[in-house]
Amino acid sequence: MLAILLRRLATALPTLLAVILLSFVLMRTAPGSPFDSERPLDAATRAAMDRTYGLDQPLIVQLGRYLGNVLQGDFGPSLVYKDFTVSGLIAQGLPVSLTLGGLALILAAALGIAGGILGALRPGGWLDRWIGFKSAVAVALPSFVTGPLLVLVFGLWLSWLPVSGLDSAAAWILPVLALATPTAGAVAKLTRTGLAEAMVQDHVRTARARGLSPLTVLVRHALPPALIPVVSYLGPAAAGLLTGAVVIETVFGLPGLGRYFVQGALNRDYPLVLGVVILYAGLILLFNLIADLLYGLLDPRARG
Amino acid sequence: MKVAGALLVAIVVAALLLPPLLPWGYAAIDWNAVRAPAFSPGHLLGTDSVGRDLLARTLAGTRVTLAVATAAALVALVIGTAWGATAGWFGGRIDEAMMRVVDALYALPFMFVVIVLMVVFGRSVLLVFLGIGAVEWLTMARVVRGQVLALRNRPFILASEAAGAPARAILTGHILPNIASVAIAYLMLTVPQVVMVESFLSFLGLGVQEPLTSLGILVHDGADDMDIAPLTLIVPGFVLVATVVCLNRLGEGLRARMAR
C-alpha cells in the first residue's frame with residue numbers, strides 16, 4: 001500500500017509543479033495588466049504599483065518568490081478585491097465549495113449505485129431500460145441548465161425552496177441536486193455495466209451454488225469487483241463536480257471558491273486565478289490518489 | 001440509435017437551412033414584440049428580453065455550438081491520432097514517456113486550463129475551439145495507441161516492414177486505414193464533450209462573445225429572464241441536452257459496432 005502511495009505521489013507532485021509553472025508563465029506573459037483601466041495610470045504611479053507587487057522583477061525571480069510563498073500557504077494579494085489576500089478569499093470560499101461538492105458526491109454515489117444495482121438485477125427488463133435512459137439523459141444535463149430550471153420550477157413557480165444564498169439548510173437542496181445529476185448518471189451507468197459483468201463471473205456463480213441468499217451474493221461477492229470502475233471514476237468525478245460547482249455557485253449566488261474564480265478570470269486577477277487553479281489541481285490529484293488507494297482495497301490483485 | 005440519429009439530423013438540418021426562411025434574423029430586434037409569448041405573429045417561439053426572435057437565436061446558437069464542437073473535435077482527432085500512433089508505433093521507452101505525459105494531463109482540471117487560456121489570450125471563437133481541442137485529445141491518444149500497439153505485430157505489418165517499406169508508408173498505408181473506424185467512433189464521442197465545454201465557457205461569459213451567439217450564451221440569457229419568459233431558458237436548454245444525448249447515443253452505438 002505504501003509503495004503505491006509513494007509511486008503515485010512521485011507522479012502527482014511533478015504534475016502539480018508543472019501546473020503551477022505553466023499557469024504562472026501563461027499569466028505573466030499575457031498581454032494586458034490588471035492595472036489597465038479606462039484612464040491610464042501615469043508612469044510614476046504605474047512603476048510604483050509594479051514595484052509594490054514585484055512585477056518589475058525578471059520572470060524567474062517572480063516565479064521563485066511565488067513558489068516560496070505558495071509553499072508557506074501564501075498566494076499573494078488579490079489585485080481586484082483590494083485589502084484581501086488570495087489565501088483569505090480561499091479560506092472564505094473553500095468551506096462552501098467543499099460542502100457543496102461533498103454533498104453532491106455523496107448524493108451522486110448513493111443515487112448512481114442504487115440505480116445501477118436496480119438496473120442490473122434484471123438486465124434488459126423495463127426497469128433497466130428506464131434507468132438506462134434516465135442516466136443517459138442525466139449525463140447530458142449540465143449544471144448550468146439544471147440549476148436555472150430547478151430554480152424556475154421549485155423556486156419561482158412552486159415557491160417551495162429558496163433560490164439563492166445560504167440562509168437555511170433547505171437552500172442547499174437545489175444546488176446539490178443540480179450538481180449531482182450528471183455525476184449520478186455516470187455512476188449509475190458504470191455500476192450497471194460493472195455489475196452485469198460481475199454477475200456472470202465464476203466466483204459469483206460459486207457463491208450462488210453455495211446457497212447464499214441473493215442479497216449476500218450481491219453485496220459480498222458481486223458488488224466489490226463491480227465498483228472498481230466506479231472508484232476509478234472518482235478522480236474525474238471530483239474534477240467534474242469542482243467545475244460544475246463554479247457554475248452552480250454563480251447561478252445560486254453562493255459565496256464559494258468558484259465564484260471568486262470566475263470573477264478573477266473576468267477581471268484578470270492573476271494571483272486569484274492562479275491560486276484557485278493550483279488549489280483545484282491539488283484537490284483533483286488528491287482525489288485521484290484516494291481513488292488509487294481504494295482501488296487497492298477493492299481489488300487484491302492491484303496491491304502488488 | 002435510429003431515433004437519436006433522426007433527431008440529430010433534424011436539429012442539424014434545421015440549424016443549417018431554416019434561418020433564412022424565418023421572418024426575423026437572430027440579431028434583429030422587433031421593438032413591437034419584446035418578450036412576446038410563443039405563437040406570436042412572426043415569432044413562433046416568442047422573443048427574448050430585447051425583442052429578438054427566440055427560434056432564430058436558438059438555431060443560430062446551435063449552429064455556432066456545433067461548428068465549434070466539430071472543429072475542436074477534429075483538432076483533438078489530429079493531435080490524439082498523431083500522438084497515440086507515434087507512441088504505439090515506436091513502443092518501449094518512447095511509448096512509456098509519451099503515455100506518462102497523457103496520464104499526467106488526464107489528472108489536470110481541464111476546464112481550468114481552458115479558462116486560463118481564455119483569460120490570457122482574450123476571448124475569440126478561434127481560440128475557444130483550439131483551446132478545447134488541445135485538451136480533449138487525451139482519450140483519442142490512448143485509444144489510437146492501443147489500436148496501433150495491437151496492429152504493430154500483425155503479420156501484414158511485419159511483412160511490409162520486412163519488404164522494406166518506410167515507416168511513413170506503413171503508417172499511412174496500413175495503420176491509419178485500420179484505426180480509422182475506431183477513431184471516428186471516438187470522434188463522435190468527443191463532439192458532445194466539446195459541446196458541453198463550449199456551452200459551459202459561454203455560459204460563464206468566457207467563450208463565444210456577442211453578437212455571435214451559442215447555446216451556452218442563450219441558456220445564460222434565458223436564466224436571467226426566466227421568471228418573465230421561461231421559454232428563453234427552456235428552448236435552448238432542451239436543444240443542448242437533446243443534441244448531447246443524441247451524439248452520445250450515436251457515438252456509443254458506433255463504438256460498439258466498431259469494437260467487433
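Here a biologist and a modeller talk through how the labels on this predicted model follow from its values.

Modeller: This is a predicted model, in which local features need pLDDT of at least 70 and side-chain atom pairs count only at pLDDT 80 or more, while totals for chains, interfaces and linings use all residues. Residues are numbered from 1 along each chain as its sequence is written, chains are lettered from A and ligands numbered from 1 in the order in which they are written, and side-chain values use heavy atoms, with hydrogens and water left out.

Biologist: Thanks! What makes up chain A, helices or strands?

Modeller: Chain A has 13 helices and 0 strands. A helix is a DSSP run of H or I with at least four residues, a strand a run of E with at least two, and both are numbered from the N terminus.

Biologist: Why is B:Glu252 with A:Lys189 called a salt bridge?

Modeller: The term asks for a side-chain nitrogen of Lys or Arg within 4 Å of a carboxyl oxygen of Asp or Glu. Here N to O is 2.7 Å, so the pair qualifies. It crosses between chains, from helix α10 of chain B to helix α7 (residues 173–199) of chain A.

Biologist: And what makes A:Arg205 and A:Asp202 a salt bridge?

Modeller: Their closest N and O atoms are 3.5 Å apart, which is within 4 Å, so the label holds. Being 3 residues apart in helix α8 (residues 202–209) of chain A, A:Arg205 and A:Asp202 are separated by about one helical turn.

Biologist: In the salt bridge of B:Asp95 and B:Arg145, how do you know which residue is buried and which is partly exposed?

Modeller: Buried means under 20% relative accessible area, exposed over 50%, and partly exposed in between (1.4 Å probe, protein chains only). B:Asp95 has 7%, so it is buried. B:Arg145 has 22%, so it is partly exposed.

Biologist: Why is the pair A:Phe261 and A:Tyr280 called edge-to-face?

Modeller: Rings of Phe, Tyr and Trp (its six-membered ring) pair if their centres lie within 6.5 Å; planes under 30 degrees apart count as stacked, over 60 as edge-to-face and the rest as tilted. The centres of A:Phe261 and A:Tyr280 are 6.1 Å apart and the planes make 70°, so both conditions are met. A:Phe261 lies in helix α12 (residues 257–266) of chain A and A:Tyr280 in helix α13 (residues 270–298) of chain A, so the pair ties together parts that are 19 residues apart in sequence. A:Phe261 is buried at 0% relative accessibility, and A:Tyr280 is buried at 1%.

Biologist: What makes B:Trp83 and B:Trp137 tilted, then?

Modeller: Their centres are 5.3 Å apart, with 55° between the planes, so they pair and fall in the tilted class. B:Trp83 is partly exposed at 27%, whereas B:Trp137 is buried at 7%.

Biologist: How do you know that the charged end of B:Arg152 sits over the ring of B:Trp89?

Modeller: The rule wants NZ of Lys or CZ of Arg within 6 Å of the ring centre and within 35 degrees of the ring normal. For B:Arg152 the distance to the ring centre of B:Trp89 is 3.9 Å.

Biologist: Last one: why is helix α9 (residues 215–224) of chain B described as largely enclosed?

Modeller: In that helix 7 of the 10 residues are buried, so the rest of the structure largely encloses it. Among the buried ones are B:Leu215, B:Ile217 and B:Val219.
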